[in-house]
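The following exercises concern a single protein chain and are to be worked with the sequence and the coordinates at hand. Each task is followed by a stepwise solution.

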Amino acid sequence: MLTIDNLTVRLGGRAILERASATVPVGARVGLIGRNGAGKSTLMKALIGEIEPDDGEISKPSRARIGYIAQEAPSGAMTPEEVVLAAATERAELLAELETCTDMDRMGDVHDRLLAIDAYSAPARAAKILNGLGFDEEMQQRPVDSFSGGWKMRIALGALLFSEPDILLLDEPSNHLDLEATLWLENFLKSYPATLVVISHERDLLNKVVDHILHLQGGELTLYPGGYDAFEKQRAERAAQLAAAKASQEAQAARLRDYVARNSARASTAKQAQSRAKMLAKMQPIAALMEDPTLSFDFPDPAEMKSPMITVEQAAVGYGEAPPILKRLNFRIEADDRIALLGRNGNGKTTLARLLASQLDPAEGAVNAPGKLKVGYFTQYQVEELAGEDTPLDLMNRAMEGSSQGAIRAQLGRFGFSGPRATQRVDKLSGGERARLALALITRDAPHLLILDEPTNHLDVDAREALIQALNAYSGAVILISHDRHMVELTSDRLVLVDGGTAREYDGSMDDYIDFILGRNQPKGAGGGKGRGAQRGEAAADRRSAQAALTKAESAVTRLTAEVDRLDQSILASSHSASGTAGAKMQKLLTERAAAAAALAEAEEAWLAASALIEAAEAA
């Protein structure tokens, strides 16, 4: 059992954790969550002894091995396979002893122990873990120093998983992973045999892997049973209870203040008034659940653009004189497309994104787009390269040179940088705030197309939900690269697989793709004729096709519902306007709303039709 008892940690004079307490049962699988900057990583460091608490204590089972990824990635001439195998320290020590041992009895003991810890199957297990994390056979034998920092962190993660500690601590393990490796990790952790504490903002992982949620807020810890959806329901119920209690208390306080005001001056009631004044002074205000008012994403809607927005014809793209990474590219991007790019890291997703953003020219073929097309391209590099001494206002002033201060402030306000937050130094911002600032900068001129390459790495769960809602309300086109499949499923209606040196439409749903990655829908032999196996295959194909249509329809319903709501608000605001152009603007809004409502009705009909097809396929 892992026990945190009245833990207090102060950094720079500020209490990060304050009398925090929780008990994690042996074998529990706990998701540690909280807003960015709440202190989750600080708690992890206290658990491994890297930070000495100012007060309180942490107790854990004696001789329990705690596993945590070191801040420094591995380096040197060792191969990934060697790094992972070395993490099993007992195995490494026993094998080293065998090389110099001359005592036959001791050699027998060593062999017995190696058998007991399954040491001889270790290379196969190490290879399986590395393969799941994206390392093919050739990559497993390359020197560690030949890999980038992100791939080195994957090696460190593989070594930690291979070591199988009694208490496994993971801090945002999917940040350096693609969707495919994230799916593998989730599957691996489901069957992890010991205690697990994982900091994660991946909603699917928190629902499918963990059985408890440890919520860190205001320096305090609260343990909830169940996954993230169960936690969110309990949090909503608690918020409603707190809101009701707060309203009741405020009503009681108002009555007390009224009594004191009316009766303090009267001798007959002065004592009662004084007593009520003391009661009012001692009343501890009930705080509602903390909400971050700056949790804001609001993409400006672009000017109308006709479809197709971009056409790619027999294009090839690469870097310099090297052979092209992608060839035979043929597709169109419509003005309202929502596309997710699938495929392992290294297959060319970012290369394709850069081609579409006009950062790379085609080596062959053509990419056609109108000259007035505006593209907003987000990458993690933009977040990391924001200058620390600048403020959001400094950066936006330079990006929107020539614009009025009102327009500049309005763009910052769309992403939560209002008032003094606009003049706070960038190096004082959290990772999530920097990500919001980068998004504010790339959308300053209302782009027709947003290309987002891993936009969620620095965002907590609530911020990711806010980003999903903003993308669904945005009227332009979106191309998304993300390992967060919850975001992919809710914002994308086209899937494009980047694999084998090209990119092609993926004819299936995200569920089909997940099954494919995890090897759950591989062909299982063939039979003659059109027997039951073939019939089941056809039914499965029908279901996949219907599921893809359902996913597309769901996304369209979500987006169009948000659009109708936005237009309703604009119509309401315009109805109170006294300007001379109010009538023309109102007519334009009413026309747009009618078109959006008609499109919404079509999307709802498509959703119903796809649902009926799925039912028919399942029955078949």
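Four exercises follow, all based on a predicted model.

**Exercise 1. Overall description**

Task: State how many helices and strands the protein chain has, and what percentage of its residues count as buried.

Solution:
- Step 1. The secondary structure of the protein chain consists of 21 helices and 18 strands.
- Step 2. The chain has 620 residues, of which 45% count as buried.
- Step 3. Among contacts in the protein chain with a separation of 6 or more, 69% are between residues 24 or more positions apart.

**Exercise 2. The surroundings of Asp-453**

Task: Determine whether Asp-453 is buried or exposed, and which side chain of opposite charge is nearest to Asp-453.

Solution:
- Step 1. Asp-453 lies in strand β15, which covers residues 449-453.
- Step 2. The residue Asp-453 is buried.
- Step 3. The nearest side chain of opposite charge is that of Lys-349, at 7.2 Å. A salt bridge requires a side-chain nitrogen of Lys or Arg within 4 Å of a carboxyl oxygen of Asp or Glu. Asp-453 has no salt bridge.
- Step 4. The side chain of Asp-453 does make a polar contact, at 2.8 Å, with the side chain of Thr-350.
- Step 5. With neighbours within four places in sequence set aside, Asp-453 is in contact with Thr-350, Tyr-377, Phe-378, Thr-379, Gln-380 and Ile-481.

**Exercise 3. The classification of Arg-504**

Task: Explain why Arg-504 counts as partly exposed.

Solution:
- Step 1. Arg-504 is located in strand β18, residues 502-505.
- Step 2. Buried means under 20% relative accessible area and exposed means over 50%, with partly exposed in between.
- Step 3. Arg-504 counts as partly exposed because its relative accessibility is 42%.
- Step 4. Residues up to four places away in sequence being left out, Arg-504 touches Leu-495, Val-496, Leu-497 and Asp-499.
- Step 5. Leu-342 is 162 residues from Arg-504 along the chain, and the C-alpha atoms of the two are separated by 9.9 Å.

**Exercise 4. Internal cavities**

Task: Identify how many cavities of 30 Å³ or more there are, and which element supplies the largest share of the lining of the largest cavity.

Solution:
- Step 1. The count comes to five cavities of 30 Å³ or more.
- Step 2. The volume of the largest cavity is about 80 Å³.
- Step 3. Residues lining the largest cavity include Arg-35, His-201, His-215, Tyr-228, Arg-235, Asp-460 and Asp-462.
- Step 4. The elements giving two or more residues to this lining are α10 (228-263) and α17 (461-473).
- Step 5. The largest share, three residues, comes from α10.

How values were computed:
Residues are numbered from 1 along each chain as its sequence is written. This is a predicted model: local features need pLDDT of at least 70, side-chain atom pairs count only at pLDDT 80 or more; totals for chains, interfaces and linings use all residues. Side-chain values use heavy atoms; hydrogens and water are left out. Helices (H or I, at least four residues) and strands (E, at least two) are DSSP runs, numbered from the N terminus. Buried means under 20% relative accessible area, exposed over 50%, partly exposed in between (1.4 Å probe, protein chains only). Lys and Arg count as positive and Asp and Glu as negative; His and the chain ends are not counted. A polar contact is a pair of N or O atoms within 3.5 Å; within protein, one must be able to donate a hydrogen and the other to accept it, and residues adjacent in sequence count only if both atoms are side-chain atoms. Contact means heavy atoms within 4.5 Å. On a 1 Å grid over the protein atoms alone, a cavity is a set of points where a 1.4 Å probe fits but cannot get out, and a pocket is an open set with protein on both sides within 12 Å along at least five of seven lines; lining residues have an atom within 4 Å of a point. Grid points are joined across faces, edges and corners, and a volume is the space filled by probe spheres set on the points.
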